[in-house]
Structure formats: structure tokens, C-alpha cells
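Grab a coffee and open the viewer. Below are some short exercises, each with a worked solution to follow along with.

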Amino acid sequence: MERFPRLGIDTCPNNLIASRRCDEIAGDGHRSGRLVQMTYELLTLERRDDGVAVVTLANGKVNPLSRELLTELQRAADELAADLPGAVVITGGDRIFAAGADISQFGGPDEAAVIGPLFHAAIGAFASLPRFVIAAVSGYALGGGCELALGCDYRIASERAVFGQPEILLGIIPGGGGTQRLSRVVGPSRAKEMCMTGRQVKADEALRIGLADEVVPPDELNDRALALAADVAKGALVAQGITKRVIDAGLSESLEAGLALEIDGFVEVFGTDDSQIGVASFLEHGPGKAEFTGR
Ligand code: COA
């Protein structure tokens, strides 16, 4: 089984040199990848040879999304946007994907006015990457953890995963996009029920209501997420980016306006190399044989 890198979590101090050392001493999963950015302290970013970038939250046992981690997430997304991979996987700890906002950093409205925008910026930066972004959720994804997963394009959950927006139990509301993205994914009534009661949803229910897109046994989660991401990374990447942009933009538009966006994207995509390659390959060799360049 291939493993995500867990640099800096258990065996390594959170610094650049230690991460490099861990890469050398760890198992096959580490050696198959290439670390290009090692200035993060609360997450790791691995760029693999198959075009997949893996972001792993590494902020202690419960991965609270502190101001500092949110800032690093934003920086990681910016780094990926500047040099786009083929696909992205975001993952967290085995038992806890992320326990949500760092509650110890809460205060009054002044603090909230800083923390809320940090959440929106960090999650929005991943949501707007023109690549397929997969959340691999192994355990609890609560509050901001659920919101981070919702900001991804696709959620693969282990059978042990638990999702929830428990903010109401603190007397507050979601501030990382939960009220908006959850309602778009599961519908407004379920989103209201989850956000207004704080009820947590296990993997099987998450799958049923569309909050998880796939549920797999815990020991298959990493392999499945990496395999899907690697497969997507071989595809027509510019066309994928246009697809994501049109679907996401259309969700906040009328059907007519969304269809107009689609036409614009449809015209634009015929200007890519991959559209020429894909069409020519189909005509010559039949479906599914094209080897795309990502341009
Ligand atoms: N922010 C800050 N600290 C948190 C945290 C959070 N979101 N979630 C957990 N912690 C801390 C706990 O206070 C505890 O600290 P301590 O060891 O100093 O006492 C430690 O992490 C472990 O938490 P604990 O609840 O004992 O672990 P658990 O394994 O029993 O449960 C969770 C894990 C994630 C299910 C549970 O901690 C939880 O529900 N967390 C809050 C989730 C939440 O409300 N998120 C929304 C925030 S707006």
C-alpha cells in the first residue's frame, strides 16, 4: 500500500532539514515523490512524479485550522497555482482529518473578522485552482475541516470518516464557507439541519446525501485517492480547468447564464493543443487512446 507522506507529524521536527531527512529514511511512498517546498511548518506539500501534488495537514493530533495553518494553506495553494500540478490531493491525520477552526484563537467579533476571511481565502484558493482537487478524509472532518473538504472538487472518505458542522454547539455559525458550500452539496434543508443541530454524519450517510462521493475501507483510502488523482493528471488539463470553472461559476448563475458560460468555454477549449490531439486520436484510433500534453 502506498502511503501519503507524514513528514513532520510523528518522527520529524517541523523544519526544512528534518523533512528532507525523513524523506530519505521513510518508506516507499516517500521515495516515489519529490519534495519541492519545505518551508511549511504545519503541512507538507509533495509533488509526485506522476503529476499529483499531495497536501497533508500536519498540525498536531487534531489538525486545528489555526490562523497560522490557514496562512500556510493559502501559501501552498498559491504555490500550486504558480506551477500547476496535474491534480491535487488534500489529506489530514489518520483519525482526524481536521477538527475545525482553532477554538483557542476565538475571541469576539474582532477576531472573527480576521479568522473568517482567512478561512475563505485559504479554502477559496484551493477551490479556484484549475485542477481537480480531491479531499481524502480518513477520520473526523469537523467545522473548518468539513469546510476544507467541501472546498475540494471531490471527497473520498474512509469508512471511519465523520463529517459535521458543530459550530452551533459553540453558539456560533460556520465561517469557512459551510453555510454556502454544504447547502450546494447536500441541499438547503439537510444543510440547515446539520448546521442548526451540529449533528455529525458518518461515512455511509455522507455517501447517501452526497457529502462524500466515495467511501472506501480505511487502508484503501490513500491508494484510491492517489490513483484517481494520477489518472486525472494524465488528462486534458486545460479542458479540465475550463470544465471546473464553468460548473462552479454556473452554480451561482441562472441556467441561461450558466449555459452562456458553457458556450464560451466550449469555444475556448477548441483553441487548446489537447482538443486537436483528442479529436484526431479518436478519428484515427477510436475512443480513449489520446495522449494529452496538458496544453
Ligand atoms: N480547536 C482547538 N483545540 C481543539 C479543537 C479545536 N477545534 N478540537 C480539539 N481540540 C483539542 C482539545 O481541546 C484537546 O485539548 P487538550 O488535550 O489540551 O485537552 C485536544 O485537542 C484533544 O481533543 P479531544 O476532544 O480530547 O479529542 P477526541 O479524540 O476525544 O475528539 C474531536 C476529537 C475532533 C472529535 C473533538 O476534539 C472535537 O469535537 N473537537 C471540536 C470540533 C469542533 O467543534 N470544531 C468546530 C470549531 S468552530
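Two strands count as paired here if DSSP finds at least two bridges between them. Keep in mind that this is a predicted model.

**Exercise 1. Find how far you can trust the model, using its pLDDT.**

Solution. Start with the whole protein: the average pLDDT is 90, and 87% of the residues score at least 70. Next, look at residues 1-32, where the pLDDT is below 50. That stretch still has 50 contacts in the model beyond near neighbours in sequence, so read those with its pLDDT of below 50 in mind.

**Exercise 2. Work out the strand order of the open sheet of 4 strands, and say which strands stand at the edges.**

Solution. First, get your bearings: the protein has 12 helices and 11 strands. The open sheet has the order 5-7-9-10, with mixed pairing. Now go to the ends of that order. Strand 5 (96-98) and strand 10 (201-202) each have a single partner strand, so one side of each is left without a neighbour in the sheet. Then step inside: strand 7 (residues 140-142) and strand 9 (residues 162-164) run parallel, joined by 3 bridges. To see the register, find Y140, which stands opposite V162 in strand 9.

**Exercise 3. Is strand 4 buried or exposed, and what does it pair with?**

Solution. Count along residues 87-91: 5 of the 5 are buried, so strand 4 is largely enclosed by the rest of the structure. Check the faces one at a time. A87, V89 and T91 cover one side, V88 and I90 the other, and all of them are buried. For the partner, look to strand 3 (residues 52-57), which pairs with strand 4 in the parallel sense over 5 bridges. One pair to click on is A53 with its bridge partner V88.

**Exercise 4. Which strands pair with strand 8?**

Solution. Strand 8 covers residues 154-158, and 4 of its 5 residues are buried, so it is largely enclosed too. Strand 6 (residues 132-137) pairs with strand 8 in the parallel sense over 4 bridges, with I134 opposite Y154. Strand 11 (residues 214-216) also runs parallel to strand 8, through 3 bridges. There, A157 has V215 as its bridge partner.

**Exercise 5. Pick out the best-connected members of the largest nonpolar core.**

Solution. Of the 70 residues in this core, L43, V88, V89, I134, A141 and A229 touch the most other members. Helix 9 (residues 221-233) gives the most to the core, with 7 residues. Zoom in on L43: leaving out residues up to four places away in sequence, its contacts include V55, L57, L69 and L73. There is also a second, separate core of 7 residues, with A236, L237, I242 and A290 among them. As background, nonpolar side chains tend to be buried together in soluble globular proteins.

**Exercise 6. Is A112 buried, exposed or partly exposed?**

Solution. Locate A112 in helix 4 (residues 109-127). A residue needs 20 or more C-beta neighbours within 10 Å to be buried, and 12 or fewer to be exposed. A112 has 14, so it counts as partly exposed. Its C-alpha atom is 8.4 Å from that of G175, which is 63 residues away along the chain.

**Exercise 7. Describe the shell of residues around the ligand.**

Solution. Sort the shell by type: 10 nonpolar, 3 polar and 2 charged. Then look at distance: of the 15 residues, P64, A99, G100, I103 and G143 come nearest.

Key:
Residues are numbered from 1 along each chain as its sequence is written. This is a predicted model: local features need pLDDT of at least 70, side-chain atom pairs count only at pLDDT 80 or more; totals for chains, interfaces and linings use all residues. A residue is near a molecule or strand if its C-beta atom, placed from the backbone, lies within 6 Å of it. Ala, Val, Leu, Ile, Met, Phe, Trp, Tyr, Cys and Pro count as nonpolar, Asp, Glu, Lys and Arg as charged, and the others, Gly among them, as polar. Helices (H or I, at least four residues) and strands (E, at least two) are DSSP runs, numbered from the N terminus. A nonpolar core is a set of buried Ala, Val, Leu, Ile, Met, Phe, Trp, Tyr and Cys residues joined through C-beta atoms within 7 Å. Two residues are in contact if their C-beta atoms, placed from the backbone, lie within 7 Å. pLDDT is the predictor's confidence in each residue, from 0 to 100.
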